[in-house]
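Reader: I would be grateful for a close look at one part of this model. Could you please take the salt bridges and describe where they lie?

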Amino acid sequence: ALLAVGITCAGTQSDCDPALALLAEHITFDEGEMSPGILATKIASIMGLGLAYAGNPRPAVTELLVPIITDDTHNSDVVGAAGLSLGLIHAGTADDEAVQTLLQVLMMRGSELPAHKLGARLLCVGLGLLFVGKGDEADAVLEVIKTVDKDLAQYCACIVETMAYAGTGNVLKVQQMLAM
C-alpha cells in the first residue's frame, strides 16, 4: 500500500503533498525495536517517497532522507533504499548535497557494505542516478569512488559511469563499456 501511494502520486504536483503526508509518518520508527514487518514498512515508505518525487526535488523530502542515509545505526537495506530514493528524486541534477551524502556513506561504511549486499548496490545506483546524462561531470566522483572498498568501488564506478554517459551518444564510452 505504501509503494502504491508513491506510484499513484508520481508525476503529480499538489500543494498539500499527499505522498509526503502519508509516507513520512512510517519512516520514523525506532530501529532498535524493528520486526521484519516494520522494517519492510519503513523500506516501502522510503521507496514510495522516491517514486512519488522522482525527478521532482523537494527540500522537505531530501531533509527527511539524508538523516536516514547518514545514521550509522540504520540497517544497510534501509540506508540503500534511502540512497536509491535520493537518487531518484535528484536524478540527472548532480546535486552537491545528495552527491556528498552518498559518497560520505560509501567511504565511511564501505567496509561494512559488501558489494554483494543489496544496500550497497542500491547506494551505488542512487549515486549513479544523480549523474544520468551528465557525462564528464562524473569524473571527480569516479576518482573519489576509487577510495572505497575495492569490490564495491569497481561496481559503483561501473554504475556511475554507465549512467553518466547514458543517452549522450559518446561512441568511445559505449565501446569501452562493451569491452567491459
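Author: The following account takes the salt bridges one at a time. The model is a predicted one, and three salt bridges are counted in it. In general, side chains of opposite charge can pair when their charged atoms come close.

Consider arginine 58 and aspartate 17, which form a salt bridge whose closest N and O atoms are 2.4 Å apart. This pair links distant parts of the chain, for 41 residues separate the two. Arginine 58 belongs to the loop between helix 3 and helix 4 (59-70), whereas aspartate 17 belongs to the loop between helix 1 (2-9) and helix 2 (18-23). Both arginine 58 and aspartate 17 are buried.

Glutamate 161 pairs with lysine 173, and here the closest N and O atoms are 2.7 Å apart. Because glutamate 161 lies in helix 9 (residues 150-164) and lysine 173 in helix 10 (residues 171-179), the salt bridge ties together parts that are 12 residues apart in sequence. Glutamate 161 has a relative accessible area of 18% and is therefore buried, the cut-off being under 20%. Lysine 173, with a relative accessible area of 18%, is buried as well.

There remains the salt bridge of glutamate 143 with lysine 146, in which the closest N and O atoms are 3.1 Å apart. Glutamate 143 is partly exposed, its relative accessible area being 49%. Lysine 146 has a relative accessible area of 58%, which means that this residue is exposed, since the cut-off is over 50%.

Key:
Residues are numbered from 1 along each chain as its sequence is written. This is a predicted model: local features need pLDDT of at least 70, side-chain atom pairs count only at pLDDT 80 or more; totals for chains, interfaces and linings use all residues. Side-chain values use heavy atoms; hydrogens and water are left out. A salt bridge is a side-chain nitrogen of Lys or Arg within 4 Å of a carboxyl oxygen of Asp or Glu. Helices (H or I, at least four residues) and strands (E, at least two) are DSSP runs, numbered from the N terminus. Buried means under 20% relative accessible area, exposed over 50%, partly exposed in between (1.4 Å probe, protein chains only).
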